[in-house]
Amino acid sequence: MQRRSRGINMGLILLLSQIIQVGINNIPPVTLATLALNIWFFLNPMKPLYNSCLSVEKCYQQKDWQRLLLSPFHHADDWHLYFNMASMLWKGINLERRLGSRWFAYIISTFSLLTGVVYLLLQFGFAELMDEPDYRRNCAVGFSGVLFALKVLNNHYCPGGFVNIWGFPVPNRFACWAELVAIHFFSPGTSFSGHLAGILVGLMYTQGPLKKIMETCAGIFSSNIGYPQQQYYSNSSGYSGYQNHPYGRPGYTEVPRNYDAYTAGLSEEEQLERALRASLWDRGNTRNSPPSYGFHLSPEEMRRQRLYRFDGQ
């Protein structure tokens with residue numbers, strides 16, 4: 001394991017400030033652990049970025065399968081980390097409190113592995129269909145494949161309504177597809193296949209057999225896994241939502257909290273759009289500074305392969 005070179009990482013500072021504003025005690029345990037794990041690997045990468053990124057050439061042809069486990073938890077730079085983890089913070093709070101911590105941990109683990117597998121299949125398919133070998137060499141890192149899958153789940157559990165994507169209102173059920181296209185066109189260097197893989201995994205869970213397969217596997221490995229039981233509640237203060245009985249035990253009631261306090265009333269997309277503007281401003285004012293970690297390539301590396309990011313929700 002190697003330490004990342006020291007320097008001012010504004011994206012990391014902004015992420016930590018958001019976590020503090022939300023309050024560590026208000027973040028469910030699996031969500032908090034996922035944030036901590038990604039921050040840890042950003043500061044202390046297990047391997048150099050090009051030894052942990054995911055590609056058909058490295059995984060399938062060279063049999064380096066450990067990249068399936070490493071690539072989701074490594075990020076190219078601090079802004080890459082910020083965009084993904086700010087999105088994870090919002091999605092994790094909503095989904096973990098709805099699904100329960102055990103099942104949410106199971107989902108994160110399964111999605112982290114499965115999005116990588118689907119990404120490799122897509123890249124292999126594109127290489128064959130288009131007769132373009134570069135698809136086999138394109139190497140990607142980042143957590144946003146998993147985040148696209150979680151967005152599909154979140155939209156499934158909270159249908160209806162609109163989200164603001166680059167200034168345009170989009171129905172919730174089409175939000176993932178709109179973001180997939182928008183990010184591809186407006187954020188060069190991101191992985192279209194990685195984001196598409198996340199959407200497909202999310203649909204496999206909500207519309208396909210994945211959820212039943214996961215339930216079956218959980219039943220085989222643990223006869224008393226204790227799926228969370230949920231009841232809808234409302235109270236005189238105007239709060240409403242789901243009340244979980246962890247591990248099937250009644251008597252425990254979540255205290256509803258207002259998680260919009262730290263967002264200043266902004267939606268997730270509006271928060272990230274504001275952060276993107278800050279990122280572009282920051283980069284525009286540091287053109288003469290050394291390139292961000294993960295993009296300083298030798299000419300030989302530049303010719304041999306390209307790095308793509310699983311970036312931005």
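This is a conversation between a student and a tutor about how the terms used for this predicted model apply to its residues.

Student: What should I know before we start?

Tutor: The model is predicted, so local features need pLDDT of at least 70 and side-chain atom pairs count only at pLDDT 80 or more, while totals for chains, interfaces and linings use all residues. Residues are numbered from 1 along each chain as its sequence is written, and side-chain values use heavy atoms, with hydrogens and water left out.

Student: How many helices and strands are there in the protein chain?

Tutor: The protein chain has 13 helices and six strands. Helices (H or I, at least four residues) and strands (E, at least two) are DSSP runs, numbered from the N terminus.

Student: How do you know that the length of helix α1 agrees with what a helix should span?

Tutor: The expected span is 1.5 Å times one less than the number of residues. Helix α1 runs over residues 10–22, so its 13 residues should span 18 Å, and its end C-alpha atoms are indeed 18 Å apart.

Student: Which residues of α1 are buried?

Tutor: Buried means under 20% relative accessible area, exposed over 50%, and partly exposed in between (1.4 Å probe, protein chains only). In α1 the buried residues are Gly 11, Leu 12, Leu 15, Gln 18, Ile 19 and Val 22. Looking down the axis of α1, these buried residues fall within an arc of 125°, so they line one face of the helix. That arc is taken from the directions from the helix axis to the C-beta atoms. Ile 20 and Gln 21 are exposed, on the face of α1 turned away from its buried side.

Student: What makes Lys 63 stand out in its phi value?

Tutor: Most residues other than glycine have a negative phi. Lys 63 has a positive phi, near 60°, and is a residue other than glycine. Lys 63 sits in the loop between α3 (56–61) and α4 (67–70). With a relative accessible area of 54%, Lys 63 is over the 50% cut-off and therefore counts as exposed.

Student: Where is Asp 131, and is Asp 131 buried or exposed?

Tutor: Asp 131 is in the loop between α6 (101–130) and α7 (134–137). Its relative accessible area is 68%, so Asp 131 is exposed. Asp 131 also has a positive phi, near 50°.

Student: Why is the pairing of Arg 67 and Asp 64 called a salt bridge?

Tutor: A salt bridge is a side-chain nitrogen of Lys or Arg within 4 Å of a carboxyl oxygen of Asp or Glu. Arg 67 and Asp 64 meet at 2.8 Å, N to O, so the pair fits the definition. Arg 67 is at 3% relative accessibility and counts as buried. Asp 64, with a relative accessible area of 19%, is buried too.

Student: How many salt bridges does the structure hold?

Tutor: The structure holds four. Another one joins Arg 136 and Glu 128, whose closest N and O atoms are 2.0 Å apart. Arg 136 has a relative accessible area of 19%, so Arg 136 is buried, whereas Glu 128, at 44%, is partly exposed.

Student: What does the salt bridge between Lys 151 and Glu 179 tie together?

Tutor: The closest N and O atoms of Lys 151 and Glu 179 are 3.3 Å apart. Lys 151 lies in helix α8 (residues 144–157) and Glu 179 in helix α9 (residues 175–186), so the pair ties together parts that are 28 residues apart in sequence. Both Lys 151 and Glu 179 are buried.

Student: What makes Thr 190 count as buried?

Tutor: Thr 190 has 6% relative accessibility, which means that it falls under the 20% cut-off. Thr 190 is found in the loop between α9 and α10 (192–206). In sequence Thr 190 and Val 141 are 49 residues apart, and in space 9.5 Å, C-alpha to C-alpha.

Student: Which elements have the lowest and the highest mean pLDDT?

Tutor: pLDDT is the predictor's confidence in each residue, from 0 to 100. Strand β4 (residues 229–234) has the lowest mean, 37, and helix α2 (residues 29–43) the highest, 96. Over residues 223–266 the pLDDT is below 50, and this stretch has 73 contacts beyond near neighbours in sequence. A contact means heavy atoms within 4.5 Å. The protein chain averages a pLDDT of 76.
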